[in-house]
Amino acid sequence: MILAFIEWSISPEIFHLGPISVRWYGFLFAMAFVAGYFIMTWVFKKEKRPQPDLEQLSVYMIFGTVIGARLGHCLFYNPVYYLSNPIEILKVWEGGLASHGAAIGILVAVYLFSKKKKNYSFLWIIDRIVIVVALAGTFIRLGNLFNSEIIGKPADVAWAFIFTSVDDLPRHPTQLYESIAYLIIFLILIFIYYKGFEKNRSGLLFGLFLLLVFTFRFFVEFLKENQSAFEKGMVLDMGQLLSIPFIIAGIIFIIKSFKPHTKK
């Protein structure tokens, strides 16, 4: 049987004007924040929380996400190089962001915000933030697709992509697998929140997010090419090793959310 593989040769640039280049990844990254802001605006109105608080939280989230994702990439995947060349850590525009680092950065940002705003508990915020974070994952993985990065291993499935900027081998479009998975997780979380199933179960949405996202991430890694040379020969790659603590934490938060007398 002859398989009609998908040839992926789309430029990562949308357009450029002189030295200024607008790339799909940057555009989708920005759209993730815009979409998240609109959803959180709806949440804050629904729960009669002041809009200025959301604006402050958004600033914390932007810094936490970008700083965490960048440091995660540098320290998890190539620490020797970046610690020897620390100025390179600042060059975010050259690419290199890690979702596990972003997760840690978001947790730190929310913790700092909750310490500043005493009327917001950490779990109240994080239970709602993870809804938009799941959606953001959908946008960001599409950005990875446009960049032809985080590619999958060679495959002969009918929907395999040939990333022409990489080689001529048909591969698993793992970016799409993750993007679709995160969209489904977003729909699950927002449905639970909309229906009010999370009421009196503080930490439930957070736990579900951790369990679903990082369990999927653990298994999809088997279909990905290694992101760093040191991962070659490892039984589990860095992405899988980093996912395990998040999966365990997710299970713990879900169990705790169903204990009696849980308060928000």
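**View A. Helix α1 gives the most to a nonpolar patch on the surface, with 4 residues.** In this predicted model, the nonpolar patch on the surface is formed by Ile14, Phe15, Leu17, Ile20, Phe27, Met31, Val34 and Phe38, which together have about 770 Å² of accessible area. At least two residues of the nonpolar patch come from α1, spanning residues 24–46, and at least two come from β2, spanning residues 13–17.

**View B. Ile20, a member of the nonpolar patch, shown within strand β3.** The strand that holds Ile20 covers residues 20–23. Ile20 has a relative accessible area of 55%, and because the term exposed applies to values over 50%, Ile20 counts as exposed. This residue is listed in the patch together with Phe27, Met31, Val34 and Phe38, among others.

**View C. The second largest pocket, with a volume of about 240 Å³.** The lining of the second largest pocket is made up of 16 residues, and those that lie nearest its centre are Gly64, Ile67, Gly68, Leu71 and Gly105. Sorted by class, this lining holds 11 nonpolar and 5 polar residues, while no charged residues take part in it.

**View D. Helices α2 and α4 at the lining of the second largest pocket.** Helix α2, which runs over residues 51–77, and helix α4, which runs over residues 99–116, each supply at least two residues of this lining. Of the elements that contribute, α2 gives the most to the lining of the second largest pocket, with 10 residues.

Conventions
Residues numbered from 1 in each chain as written. Predicted model: local features only at pLDDT ≥ 70, side-chain atom pairs only at ≥ 80, totals over all residues. Heavy atoms only, no water. Patch = residues over 30% accessible without salt bridge, like charges linked within 9 Å, V, L, I, M, F, W, Y side chains within 5 Å. Areas by Shrake-Rupley, 256 points an atom, 1.4 Å probe, with all protein chains shown as cover. Salt bridge = Lys/Arg side-chain N within 4 Å of Asp/Glu carboxyl O. Buried < 20%, exposed > 50% of the residue type's maximum accessible area, 1.4 Å probe, protein only. 1 Å grid on protein atoms, 1.4 Å probe; cavity = no way out; pocket = protein on both sides within 12 Å on 5 of 7 lines; lining within 4 Å. Points joined across faces, edges and corners; volume = space filled by probe spheres on them. Nonpolar A, V, L, I, M, F, W, Y, C, P; charged D, E, K, R; others polar.
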